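Subject: A structure for you to explore

Hello,

Here is the structure I promised to pass on to you. Have a look around it first, and then read my notes below.

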Amino acid sequence: MAKIRVSYEYSEAEDKSIRLGLFLIACGILSLFILGFCWLSPTLQNLQSKPANCTLVSVLHPEEMFECVFTCGTDCKGTSLYPCLQIFVNNSESNTVALLHFDEQQLVLNPKCSYVPPCERDNQKNKDNVLWWEEFFTKEFTNRSFICFFNQQRRPDDVLWRRSHDTSVLLHCVLWPMVSLLLGTLIVLLTVCARSLAVRAEALQKRKCSYEVCQDLSTGNKARDPLTTNSDPDLTSPTRTLPLFAVPVRRRDREH
């Protein structure tokens, strides 16, 4: 029997779905690397900070001013000044006095100050913002303890009031790239499996058709056979019957 050949070429829709799946896989891998370097590493470092009990020791307002950069449009930038606020607390983990910072980002932005206000063009607005936080800490945390975060290895002389990154950031950094990766892989696998099933179905259909054609040809050959198409019924009959009045003749009588 001749070998049945089936086309394995993908249709235009299948080709587009495979390209979409490969694009999602590439996006998932790329976003996993980008989010891993930009967000995952700082989050893991921030989660290493242990919670501790802190009590307010003093609130200082030094005369030193710091510069900040403000934006007022696409091509408009400038610098303004803000006062420094220093809040010292007693850390229960190390039992030492440490400088309190608003969060990890402000600790990196200005390690000398406890709070860095959003930069405004007007210096007075920056000053009023810092004074509001000074009054807030003085009223709320005097003679009472609160939760702070302490990292002995990285910053033994600093504590954080809030964490800039928590476990939800870690979840999003891993979840969405993995969803994109799994979705792209699923699309590619489903497209390949659907095409494979279609190819098998086509091969079975062709094999069935070729088998029916062979049966039709064999039936036609039997119909055209001269032995089976002879008009004499006596030749085709398996048992020939003698005529009614036929007398059998012996061989000896035939010789005489």
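Asn143 is a nice place to begin, since it has a positive phi of about 60° although it is not a glycine. You will find Asn143 in the loop between α3 (123-140) and β6 (145-151). Its relative accessible area is 80%, so Asn143 counts as exposed.

Before you go further, please keep in mind that this is a predicted model. The mean pLDDT of the protein is 76, and 71% of its residues reach 70 or more. Two stretches call for care. Over residues 227-247 the pLDDT stays under 50, and the model has 7 contacts there beyond four places in sequence. Residues 252-256 also have a pLDDT below 50, with 1 contact in the model beyond near neighbours in sequence. Where pLDDT is low, the predicted coordinates should not be read in detail.

Now for the aromatic rings. How many aromatic pairs does a search of the whole structure find? The count is 17. One of them is formed by Phe102 and Trp161, with 5.4 Å centre to centre and 65° between the planes, which is an edge-to-face arrangement. This pair links distant parts of the chain, as the two residues are 59 apart. Phe102 sits in the loop between β5 (96-101) and α2 (104-109), while Trp161 sits in the loop between β7 (155-160) and α4. Are these two residues buried or exposed? Both Phe102 and Trp161 are buried.

A second edge-to-face pair joins Phe136 and Phe137, at 5.7 Å centre to centre and with 80° between the planes. The two partners have their own levels of cover. Phe136 has a relative accessibility of 24%, so it counts as partly exposed. Phe137, at 5%, is therefore counted as buried.

If you colour the rings, you can follow a cluster linked by ring pairs: Phe102, Tyr115, Trp132, Trp133, Phe136, Phe137, Phe141, Phe146 and Trp161.

While you are around α2, take a look at Gln106, which is found in that helix. With a relative accessibility of 12%, Gln106 counts as buried. Which residues does Gln106 contact, leaving aside its neighbours within four places in sequence? They are Ser114, Tyr115 and Val116. You have met Tyr115 already, as a member of the ring cluster.

Next come the charged side chains. Side chains of opposite charge can pair when their charged atoms come close. In this structure there are 3 salt bridges.

- Lys16 and Glu12: their closest N and O atoms are 3.7 Å apart. They are 4 residues apart in helix α1 (residues 12-47), so about one helical turn separates them. Both Lys16 and Glu12 are exposed.
- Arg19 and Asp15: these side chains meet at 3.2 Å, N to O. Both residues lie in helix α1, 4 residues apart, or about one turn of the helix. Arg19 has 58% relative accessibility and so counts as exposed, whereas Asp15 is partly exposed because its relative accessible area is 30%.
- Lys139 and Glu135: the N to O distance is 2.9 Å. Here the helix is α3, and the two residues are about one helical turn apart because 4 residues separate them. Lys139 is exposed at 60% relative accessibility, and Glu135 is partly exposed at 42%.

The last stop is on the surface. Which residues make the nonpolar patch of about 320 Å²? Leu32, Val174, Met178 and Leu182 do. Helix α4 (residues 167-223) gives the most to this patch, with 3 residues. Met178 lies in that helix. With a relative accessible area of 32%, Met178 is partly exposed. That value matters here because residues need over 30% relative accessible area to be part of a patch.

If you would like a route through the structure, try the ring cluster that includes Phe102 and Trp161, then the salt bridge of Lys139 and Glu135, and finish at the patch with Met178.

Enjoy exploring, and write back with any questions!

Best wishes

Conventions
Residues are numbered from 1 along each chain as its sequence is written. Side-chain values use heavy atoms; hydrogens and water are left out. Patches are made of residues with over 30% relative accessible area and no salt bridge: like charges are joined within 9 Å, nonpolar side chains (Val, Leu, Ile, Met, Phe, Trp, Tyr) within 5 Å. Accessible areas come from the Shrake-Rupley method with a 1.4 Å probe; for residues, only the protein chains shown count as cover. A salt bridge is a side-chain nitrogen of Lys or Arg within 4 Å of a carboxyl oxygen of Asp or Glu. Buried means under 20% relative accessible area, exposed over 50%, partly exposed in between (1.4 Å probe, protein chains only). pLDDT is the predictor's confidence in each residue, from 0 to 100. Contact means heavy atoms within 4.5 Å. Rings of Phe, Tyr and Trp (its six-membered ring) pair if their centres lie within 6.5 Å; planes under 30 degrees apart count as stacked, over 60 as edge-to-face and the rest as tilted.
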